[in-house]
Amino acid sequence: MKEALHPIVAATDFSAHGEMAVLRGAHIAQKSGKTLHLLHVVHPLDIYPELMLSFDSHLKDYERLKQANGLESLDQLAVKIRANFDVKVQTATRIGRPHVQIAEYAKDESAGLVVVGFSGEKGLLDVIMGSTALRILRHTPCAVLLVRNPEFTPYKQVVAAVDLTPTSV
């Protein structure tokens with residue numbers, strides 16, 4: 001039976017860690033012959049991690065502008081990825097909480113892998129609530145690769161942690 005070609009989603013916030021995730025995702029897409037989806041999520045302003053503000057028209061316009069700028073940056077990045085890796089690339093942006101939007105996008109696109117950068121916990125809130133990357137791990141319905149190492153070498157061994165639930169095996 002032939003395996004379905006589930007796309008790879010590389011989520012980026014355009015930081016150094018996000019760039020590492022995109023490059024790793026592009027390399028995996030090249031080796032596997034899968035489409036690479038570049039995703040950027042514009043995070044709305046919030047008071048607390050769990051309580052979102054009501055947006056007036058000015059804030060919505062600002063978010064739409066940030067989303068359009070993010071899409072323009074993704075499109076420029078896609079041109080470079082296509083040229084350097086010879087892979088199919090699609091771009092998308094979303095507005096919302098990054099871990100929720102990335103998980104929903106992965107589900108909607110039937111992604112086989114989500115690749116995100118991981119810089120570790122930065123403060124007390126990350127320790128208590130978990131970083132964005134760790135939240136993505138908990139909410140995404142497919143495999144997630146956290147990229148932390150800036151040096152890229154081909155994988156020699158893969159370690160998969162499972163808890164024997166149906167979604168982990």
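## Residue classes and the model

Ala, Val, Leu, Ile, Met, Phe, Trp, Tyr, Cys and Pro count here as nonpolar, Asp, Glu, Lys and Arg as charged, and the others, Gly among them, as polar. These classes are used below for the lining of a pocket. The structure is a predicted model.

## Overall make-up

The chain has 169 residues, and 36% of them count as buried. Its secondary structure consists of five helices and seven strands.

Read from the N terminus, the order of the elements is β-α-β-β-β-α-β-α-β-α-α-β. The order thus begins with a strand and ends with a strand.

## The largest pocket

The volume of the largest pocket is about 860 Å³. Its lining is made up of 26 residues, and those nearest the centre of the pocket are L113, C142, A143, V144 and A160. Two elements, α1 (16-32) and β7 (143-147), each give two or more residues to this lining. The largest share, three residues, is that of β7.

By class, the lining of the largest pocket contains 16 nonpolar residues, eight polar ones and two charged ones.

## A buried residue in helix α1

Helix α1 contains V22. V22 has a relative accessibility of 2%, and because buried means under 20%, V22 counts as buried.

V22 and A78 stand 56 residues apart along the chain, and 9.8 Å separates their C-alpha atoms.

## The loop between β6 and α4

The loop that runs between β6 (113-117) and α4 (124-129) includes S119. The relative accessible area of S119 is 31%, so S119 falls between the 20% limit for buried and the 50% limit for exposed, and it is classed as partly exposed.

S131 lies twelve residues from S119 along the chain, and the C-alpha atoms of the two are separated by 8.8 Å.

## A nonpolar patch on the surface

F152, Y155 and V158 make a nonpolar surface patch of about 320 Å². One of these residues, V158, is in the segment after β7, the strand that also gives three residues to the lining of the largest pocket.

V158 has a relative accessible area of 73%, which is over 50%, and therefore V158 counts as exposed. The three residues looked at one by one thus fall into separate classes: V22 is buried, S119 is partly exposed and V158 is exposed.

Methods: Residues numbered from 1 in each chain as written. Predicted model: local features only at pLDDT ≥ 70, side-chain atom pairs only at ≥ 80, totals over all residues. Heavy atoms only, no water. 1 Å grid on protein atoms, 1.4 Å probe; cavity = no way out; pocket = protein on both sides within 12 Å on 5 of 7 lines; lining within 4 Å. Points joined across faces, edges and corners; volume = space filled by probe spheres on them. Helix = DSSP H or I, 4+ residues; strand = E, 2+ residues; numbered from the N terminus. Patch = residues over 30% accessible without salt bridge, like charges linked within 9 Å, V, L, I, M, F, W, Y side chains within 5 Å. Areas by Shrake-Rupley, 256 points an atom, 1.4 Å probe, with all protein chains shown as cover. Salt bridge = Lys/Arg side-chain N within 4 Å of Asp/Glu carboxyl O. Buried < 20%, exposed > 50% of the residue type's maximum accessible area, 1.4 Å probe, protein only.
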